[in-house]
Amino acid sequence: KSLFLQILLLLFVSSSLKSQVLEKKYRNLIKESTSTIRAKKLSGKYFVLIDYSIFSGKKRMFIYNIPKKKFVDSFLVMHGNPRGKRTSTVRFSNEPKSFLSSKGRFIIDGKLTRSNNFIAKYNLKGLDVTNSNAYRRKIVIHYSTHIPLFESSKPIVNSRGCPAISWVSFIKMNSYIKGLTL
């Protein structure tokens, strides 16, 4: 029983320290994101930050709780690649049919929808010139069965431009989505 409590405490302290490290690293992006949320009069308590400079086999999609002022979750996330092969090199484009990821701020449509391609997805609306075609390009958050549940030393498979996450992460993401920004 004591060992179990020590492990729980270690996990809690580790999680808390990780959140503090992330908050320092992304201080400016946190300020910018919360300002955008206020300016656009969005109602969400969370925003999503993806750091594509982090290797794809590591968690690089982070959920930030605005009222609590801390990161509360993190996921593995795909990036776009026109060839669909595993590559850790991330390139960006706003051009239709480029199949590359887009940079910038997005609003996540809080409505869970489905399409011919995806059983469940959230549409993204780009707010910047670097991602203004996101909706037209059909850039969405969706799940993929090709994403592992755990971090790896190998790059994860790439998407066709979408920030795709595992099914388990997608279920967790559902609990956060209500006027989120990405």
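Which residue takes a positive phi in the hairpin of β2 and β3? The legends below start from the whole chain and come to that turn later.

**View 1. The whole protein chain, with 3 helices and 6 strands.** This is a predicted model, where local features need pLDDT of at least 70 and side-chain atom pairs count only at pLDDT 80 or more, while totals for chains, interfaces and linings use all residues. Residues are numbered from 1 along each chain as its sequence is written, and side-chain values use heavy atoms, leaving out hydrogens and water. Along the sequence the pattern goes α-α-β-β-β-β-β-β-α; helices (H or I, at least four residues) and strands (E, at least two) are DSSP runs, numbered from the N terminus. Of the 182 residues, 46% are buried (under 20% relative accessible area, 1.4 Å probe, protein chains only). Among contacts (heavy atoms within 4.5 Å) with a separation of 6 or more, 53% link residues 24 or more positions apart.

**View 2. The open sheet, ordered β1-β2-β3 with antiparallel pairing.** Here β1 and β3 stand at the edges with a single partner strand each, so one side of each is left without a neighbour in the sheet. On average, neighbouring strands are turned by 25° against each other, direction ignored. Pairing takes at least two DSSP bridges between two strands; β1 (residues 46-50) and β2 share 5 bridges, and another antiparallel set of 5 bridges joins β2 to β3 (residues 70-75).

**View 3. Two helices packed on the sheet.** Helix α2 (residues 27-39) touches β1, β2 and β3, and its direction makes about 135° with that of β1. Helix α3 (residues 167-176) also touches β1, β2 and β3, with its direction at about 150° to that of β3. Axes are lines fitted to C-alpha atoms, for helices over the stretch in contact, and angles run from 0 to 180 degrees between N-to-C directions.

**View 4. Strand β2, residues 61-65, up close.** 5 of the 5 residues in β2 are buried, so the strand is largely enclosed by the rest of the structure. In a regular strand, side chains alternate between the two faces of the sheet. In β2, Met61, Ile63 and Asn65 point one way, and Phe62 and Tyr64 the other. Met61 is the bridge partner of Ile50, while Tyr64 has Phe71 in β3 as its bridge partner.

**View 5. The hairpin of β2 and β3.** There are 4 residues between the strands, and the positive phi, near 55°, belongs to Lys69. Next to the turn in this view, Asn65 stands opposite Lys70 in β3.

Notes:
Buried < 20%, exposed > 50% of the residue type's maximum accessible area, 1.4 Å probe, protein only.
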